[in-house]
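Let's take a walk through a protein model and see how its pieces fit together. Keep the structure open beside you and find each residue as it comes up.

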Amino acid sequence: MREKKQTRDEDLEFVASCQGGDVDAFEVLVRRHQKRMLNIAYRTIGNYDEACEIVQEAFISAYKNIKGFKGKAKFATWLCTICINLSRNRLRQLRTRRHREAYSTDDSIMTPDGEIKGDPPASGPSALDRLEARDVQQQVQGCINALDAEFREVLILRDIQGFSYDEIGAMLKVPEGTVKSRLFRAREAMRDCLKKAMGDL
Amino acid sequence: MECSEVQKQLSAYIEKVLSPKQKALIDAHLKGCKQCKRALADLKKTIKYVQGLEEVEPPAWLAQKVMARVRSEAEAKRGIVQKFFYPFHIKLPLEAMALIFVAVGTIYVFKTMQPEMRLAQAPIEQKESAPPKRAPGKGEVHDVAEDKRTPAEPAEQFRDTDKEKTRARKPVGLAKAPVEEAKQAEAAPSVGAAPMDELERGVALSSAEFEKSALAEQREEGGRFVVNVKEIEPATKDIEGTLRQLGGKIINEESFANKAVIFAEIDSKKVGKLLDQLKLIGEVQGEEVALETWEGNVGIRIEIVEISIRP
C-alpha cells in the first residue's frame with residue numbers, strides 16, 4: 001500500500017496550464033489526486049462525508065492559490081499539505097463541538113503523556129466476534145481517532161500514504177527527527193490501543 | 001540492556017534507522033527476551049493493520065462538484081476582469097467615434113460660420129485694440145496677432161479711449177466695426193489659433209450683434225441680382241461682356257431651362273456701374289447695397305431669367 005513518489009513532475013505541466021487559466025487542466029489534477037486526498041482526510045477525520053467536504057475545500061483552496069505554487073515541493077505534497085491543514089482545523093472544530101465527549105466507549109483515549117486509558121468493557125465478550133475483517137478496520141480507525149492530531153498525521157502520512165520523512169517534515173513544518181519520534185510514539189500508542197480493543201494482536 | 005529501553009527503540013529498529021551498534025545490541029537482546037520479541041511482533045502487526053486499512057473510493061460526484069465550483073470561481077474571476085476592461089472594450093470605439101464626430105462637426109460649423117464669426121468678433125476686438133488705432137489712421141491694417149499685447153497697454157487704452165469704447169458698444173459703433181474688422185480679416189487671413197479665439201468670442205455675442213454681422217456678410221458677397229430678359233443667350237453674353245469690361249472675373253456659369261446664373265467676382269467700386277449696365281440689358285431686381293466703403297473684389301450672383309414666357 002505504500003506509494004513511493006507516486007506522482008513526479010508530470011503534474012507540473014498541468015499546473016502550469018492551470019496557472020495560465022486552463023480550468024480543464026485542473027480537472028486532470030483533481031481526478032489524479034482526489035483519492036489520495038480523500039483517504040488522508042478520511043483517516044484523519046474518521047468520517048467519510050466530512051472527508052469529502054474537506055477534499056472539496058482543499059481543491060478549491062488549491063485552485064485559488066495555484067499561482068502561489070512555485071514548484072519547490074511536488075504538487076502532490078503541496079496538495080496534501082492543504083488537505084492536512086484543513087483536516088486538522090476541522091478536527092479541532094469537531095472536538096470543541098463534541099466537548100470532551102469520547103469518540104466511542106470502545107475506544108481508548110490517549111492523554112498528552114501518551115498513556116492509554118482504555119475502557120474496560122472494550123475487552124468484553126463480543127470482542128472475539130468483532131475480529132472480523134471489517135471490524136478490524138473499524139478498530140484500527142477507532143484507534144487512529146484516539147490519537148492526538150500530531151501523531152495521527154504522521155502515522156497517516158507515513159504508514160498509510162508512504163511519504164518520506166522529509167516530505168512529511170515539509171508538510172507539517174517540523175524537523176525530520178520530530179517526524180520520526182512522533183511516528184514511533186504513534187505506532188506504540190496504536191499497538192497498545194489495538195491490544196486493548198482486540199484483546200490480542 | 002533493559003527491556004523498556006529496547007521496546008522504546010523497536011520502532012526505530014523496524015524502520016532501520018538505528019546505528020549498526022544499537023541494532024546489534026537490540027538483536028542480541030531480542031534473542032534472549034521473549035517479552036521484547038513479542039513486543040516487536042505486536043508492533044509489526046500494528047503497522048500491518050494500519051497499512052492494511054482499505055482505501056476509500058471518492059464518490060463520482062466529488063470531482064464534478066469540485067470542478068463545478070472551480071468553474072464558477074473562474075467565471076467570477078473572468079467576470080471581474082471583463083468588468084474591469086468593459087469600458088475599454090465597448091466604449092473606446094464609441095468614444096473615438098464621438099470624438100471624430102465632434103471634431104468633424106466643429107470643423108464644419110467653423111467653416112460655415114467663419115465669416116460671420118470674424119465679423120461678429122469685431123466689437124470686442126475693437127474694445128481691446130481698435131480704438132487707439134482708429135484714431136490715427138482709419139484704414140490701417142493690423143495683424144490679429146498684434147492684439148496679444150502686454151497687459152499694461154490695454155489698461156492705458158482704457159483711460160485714453162474710454163469714450164470711444166462706449167461708442168463702440170452702441171449700435172452706431174457696431175455699424176462701422178464689422179467693415180473695419182472685415183478689412184482686417186482680408187488683410188491678414190490667418191487661419192490658425194486666432195479663428196478658435198474668434199469662435200469663442202463670437203458665441204458670446206448677443207443676437208442683435210449677430211444680425212448686424214449677418215448684414216455685413218451680404219455686403220461681402222457683393223449682391224444678388226435678377227435680370228429679367230427676353231432672351232437668355234444674348235443677354236448672358238452681354239452681361240459677360242459687361243463684366244469683363246469692368247474688370248470682373250467670371251467664376252462659374254450655370255444654365256437652366258429658362259434661366260442662367262453667373263457667379264462673378266468684381267471690384268466692389270464697380271458694382272454700381274455693373275448695375276447700371278444690367279439695367280440696360282433687362283429689368284433688374286436685387287438688393288441695393290452700398291459698397292462704397294468696401295475695398296477689393298466682391299462676389300456677385302447674377303440670375304438671368306427669361307420673361308417672354310410670362311404674358
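Below, we start with the overall build of chain A, then visit two of its helices, and end with charged side chains.

**The overall build**

Keep in mind that this is a predicted model. Chain A has 8 helices and 2 strands, and along the sequence they come in the order α-α-α-α-β-β-α-α-α-α. Of the 201 residues in chain A, 52% are buried. The accessible surface of this chain comes to about 9,500 Å², and carbon and sulfur atoms account for 48% of that area. How do contacts within the chain reach across the sequence? If you take those between residues at least 6 apart, 65% join residues at least 24 apart.

**Two helices to look at**

Find helix 3 of chain A, which covers residues 48-64. With 17 residues, helix 3 reaches 24 Å from its first C-alpha to its last, close to the 24 Å expected at 1.5 Å a residue. At the start of this helix, a side-chain oxygen of A:Asn47 comes to within 2.9 Å of the backbone nitrogen of A:Asp49. The buried residues of helix 3 include A:Cys52, A:Ile54, A:Val55, A:Phe59 and A:Tyr63. Here's a handy rule: an α-helix has 3.6 residues a turn, so residues three or four places apart point the same way.

Now slide along to helix 7 of chain A, residues 165-172. This one is mostly covered, with 6 of its 8 residues buried. Among them are A:Tyr165, A:Ile168 and A:Leu172. Right after helix 7 comes A:Lys173, in the loop that leads to helix 8. A:Lys173 has a positive phi of about 60 degrees although it is not a glycine. Is A:Lys173 buried or exposed? It counts as exposed, because its relative accessibility is 69%.

Chain B has a residue to set beside it: B:Lys16 is not a glycine, yet has a positive phi of about 60 degrees. B:Lys16 lies in the loop between helix 2 and helix 3 of chain B, and at 69% relative accessibility B:Lys16 counts as exposed.

**Charged partners**

How many salt bridges does a search of the whole structure find? There are 21 over all chains. Here are three of them:

| Salt bridge | Closest N to O |
|---|---|
| A:Arg88 with A:Glu153 | 2.5 Å |
| B:Glu15 with A:Arg158 | 3.4 Å |
| A:Asp192 with A:Arg191 | 3.5 Å |

A:Arg88 and A:Glu153 form a salt bridge. That pair links distant parts of the chain, since A:Arg88 is in helix 4, A:Glu153 is in helix 6, and they sit 65 residues apart. A:Arg88 is partly exposed at 24% relative accessibility, whereas A:Glu153 is buried at 2%.

B:Glu15 pairs with A:Arg158 in a salt bridge. B:Glu15 belongs to helix 2 of chain B and A:Arg158 to helix 6 of chain A, so this pair joins two chains. B:Glu15 is buried at 14%, and A:Arg158 is buried at 7%.

Some charges team up in a group: A:Asp24, A:Glu27, A:Arg31 and B:Arg71 are linked in a network of salt bridges.

Finally, look at A:Glu188 in helix 8 of chain A. Why does A:Glu188 have no salt bridge? The nearest side chain of opposite charge, A:Arg191, is 5.3 Å away, and a salt bridge needs the atoms within 4 Å. A:Glu188 is buried, and it touches B:Gln7, B:Lys8, B:Ser11 and B:Leu43.

Key:
Residues numbered from 1 in each chain as written. Chains lettered and ligands numbered in written order. Predicted model: local features only at pLDDT ≥ 70, side-chain atom pairs only at ≥ 80, totals over all residues. Heavy atoms only, no water. Helix = DSSP H or I, 4+ residues; strand = E, 2+ residues; numbered from the N terminus. Buried < 20%, exposed > 50% of the residue type's maximum accessible area, 1.4 Å probe, protein only. Lys, Arg positive; Asp, Glu negative; His and termini not counted. Contact = heavy atoms within 4.5 Å. Expected span 1.5 Å × (residues − 1). Polar contact = N/O pair within 3.5 Å; in protein donor to acceptor, adjacent residues only side chain to side chain. Areas by Shrake-Rupley, 256 points an atom, 1.4 Å probe, with all protein chains shown as cover.
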